[in-house]
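Trainee: Hey, could you walk me through this protein? I'm new at this.
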Amino acid sequence: MSGTILVAGATGNVGQHVVRKLLAANRSTVALVRDIDQAQKVLGTQVKFVVGDVSRPETLRAALQDVCYIVCTIGARFAQGDTAEQIDYAGVKNLVEAAQAAQMRLGLRKEGGGLVHCLYGWYLMRAGRPKEAAQEYRL
């Protein structure tokens with residue numbers, strides 16, 4: 001697999017592991033984040049960041065420039081006021097629609113190309129197993 005990989009949800013439990021595995025594998029990686037300063041505290045400064053918010057679709061088009069793949073690890077942060085409908089449903093819908101507008105190939109897969117959205121990883125993370133969830137992406 002070659003090309004830039006965007007990780008949505010990069011600062012979450014699973015997303016952090018995914019970003020680190022991609023970087024360790026020398027893959028071109030960009031983290032989709034709401035706040036770069038906060039994201040650097042979590043992921044460090046070696047990561048390339050792009051500002052965007054899955055709950056604000058107008059921010060996603062620019063974020064997807066030069067991106068070939070998306071790994072989606074997003075999840076609502078209830079303590080910050082997110083709702084499951086706003087992030088887990090509408091956020092994924094917004095991300096898929098932005099990928100379609102960018103003419104990305106779409107598919108639900110555990111490995112391969114196009115839009116990669118491994119819901120199983122999300123469930124593993126919710127079960128308190130973030131390292132296993134990151135491995136599910138087979139990076």
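Mentor: Sure, let's go from the overall layout to the core and then one residue.
Mentor: First, this is a predicted model, where local features need pLDDT of at least 70, side-chain atom pairs count only at pLDDT 80 or more, and totals for chains, interfaces and linings use all residues. Residues are numbered from 1 along each chain as its sequence is written, and side-chain values use heavy atoms, with hydrogens and water left out.

Trainee: Okay, how many helices and strands are there?
Mentor: Six helices and five strands, taken as DSSP runs numbered from the N terminus (helices are H or I, at least four residues; strands are E, at least two). Along the sequence they run β-α-β-α-β-α-β-α-β-α-α.

Trainee: And how much of the protein is buried?
Mentor: Buried residues are 43% of the 139. Buried means under 20% relative accessible area (1.4 Å probe, protein chains only).

Trainee: Which residues have the most contacts inside the largest nonpolar core?
Mentor: Leu6, Leu32, Val54, Ile70, Ile74 and Leu95, in a core of 19 residues. A nonpolar core is a set of buried Ala, Val, Leu, Ile, Met, Phe, Trp, Tyr and Cys residues joined through side-chain atoms within 4.5 Å.

Trainee: Which element gives the most to it?
Mentor: H4, with five residues. There's also a second, separate core of 15 residues, including Ile5 and Leu43.

Trainee: Switching topic: is asparagine 94 buried or exposed?
Mentor: Buried, at 11% relative accessible area. Asparagine 94 sits in helix H4.

Trainee: What is asparagine 94 in contact with?
Mentor: Leaving aside neighbours within four places in sequence, Val54, Ser55, Pro57 and Leu60. Contact means heavy atoms within 4.5 Å.

Technical notes
Buried means under 20% relative accessible area, exposed over 50%, partly exposed in between (1.4 Å probe, protein chains only).
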